[in-house]
Amino acid sequence: LQNESLAHRVILDPNFQLSKQSLQPDGGAMQRQVETVMKKAYWDMVHEQTSKGEFKIMIDNLKDIKAKLQAFIPGKRKDMHEALERNFDIAFLEQQITHRAFDAQSLEHLLDITLGTVLELEAPARNESTKSWLQDIKQRMAEEPWESLLPLVFEFVTLKMEEMSLDVSNW
């Protein structure tokens with residue numbers, strides 16, 4: 001029934017664009033509120049675990065981010081797939097994290113790879129916000145412990161992937 005309603009809206013309004021809210025009969029107010037609370041709880045948990053030196057959740061997030069990035073890369077862009085595979089090596093990152101060798105420089109390198117890929121894949125209109133955020137977080141990395149910034153990094157990358165999903169849906 002929801003798909004029929006969505007199809008009807010698209011037929012009637014050629015300028016219709018898919019958004020999280022357009023999928024909900026009430027505009028998604030309740031869902032947005034629950035989603036906001038759940039995300040905050042999740043990122044608070046990530047922060048708490050990483051501040052204790054527990055990085056298993058970091059590895060899980062890295063695996064998820066890599067899988068999502070791979071899914072966004074068009075199949076014909078073998079160069080991008082190979083570069084991501086070569087530069088975003090989960091096994092190597094897991095060893096670094098496990099042996100406490102992951103540091104601010106490692107995080108900065110990972111950010112360059114991840115957000116470099118995002119910048120290539122996201123809508124050009126969104127590039128400026130990504131570049132600005134990257135510059136800001138790198139400045140903060142010079143002033144704050146990298147562990148305290150992990151939740152912000154994962155949250156931003158997750159947000160970017162959600163935006164990219166919506167952009168793909170609307171294209």
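The largest pocket of this predicted model has a volume of about 310 Å³. It is the starting point of the tour.

**Stop 1: the largest pocket**

Select Phe72, Pro74, Leu121, Glu122, Ala123, Pro124, Met164, Asp167, Val168 and Trp171, which line the largest pocket. Colour this selection by residue class: eight of the lining residues are nonpolar, two are charged and none is polar. Then display helix 8, residues 146–170, which contributes three residues to the lining, the most of any element. Keep Glu122 and Asp167 of the lining on screen, as both return at the next stop.

**Stop 2: arginine 126 and aspartate 167**

Add arginine 126 to the view. Its salt bridge with aspartate 167 has the closest N and O atoms 2.7 Å apart. Arginine 126 belongs to the loop between helix 6 and helix 7 (127–143), whereas aspartate 167 belongs to helix 8, so this pair ties together parts that lie 41 residues apart in sequence. Both partners are partly exposed: arginine 126 has a relative accessibility of 27%, and aspartate 167 has a relative accessible area of 21%. Extend the selection to Glu122, Lys160 and Glu163; together with Arg126 and Asp167 they form one network, joined by salt bridges that share partners. Glu122 and Asp167 thus appear in this network and also in the lining of the largest pocket.

**Stop 3: arginine 77 and glutamate 120**

Next, select arginine 77 and glutamate 120, whose side chains meet in a salt bridge with an N to O distance of 3.9 Å. The contact ties together parts 43 residues apart in sequence, because arginine 77 is in the loop between helix 3 and helix 4 (78–87) and glutamate 120 is in helix 6 (residues 104–121). Arginine 77 is partly exposed at 30% relative accessibility, while glutamate 120 is exposed, with a relative accessible area of 52%.

**Stop 4: lysine 56 and aspartate 60**

Move to helix 3 (residues 56–72) and select lysine 56 and aspartate 60. What separates these two residues along the helix? They are four residues apart, and therefore about one helical turn lies between them. Their side chains meet in a salt bridge of 3.0 Å, N to O. Lysine 56 is exposed, with a relative accessible area of 58%; aspartate 60, at 35%, is partly exposed.

**Last view**

To conclude, display the salt bridges of the whole structure, which number 16. Among them are the pairs formed by arginine 126 with aspartate 167, arginine 77 with glutamate 120, and lysine 56 with aspartate 60.

Terms used. Residues are numbered from 1 along each chain as its sequence is written. This is a predicted model: local features need pLDDT of at least 70, side-chain atom pairs count only at pLDDT 80 or more; totals for chains, interfaces and linings use all residues. Side-chain values use heavy atoms; hydrogens and water are left out. On a 1 Å grid over the protein atoms alone, a cavity is a set of points where a 1.4 Å probe fits but cannot get out, and a pocket is an open set with protein on both sides within 12 Å along at least five of seven lines; lining residues have an atom within 4 Å of a point. Grid points are joined across faces, edges and corners, and a volume is the space filled by probe spheres set on the points. Ala, Val, Leu, Ile, Met, Phe, Trp, Tyr, Cys and Pro count as nonpolar, Asp, Glu, Lys and Arg as charged, and the others, Gly among them, as polar. A salt bridge is a side-chain nitrogen of Lys or Arg within 4 Å of a carboxyl oxygen of Asp or Glu. Buried means under 20% relative accessible area, exposed over 50%, partly exposed in between (1.4 Å probe, protein chains only).
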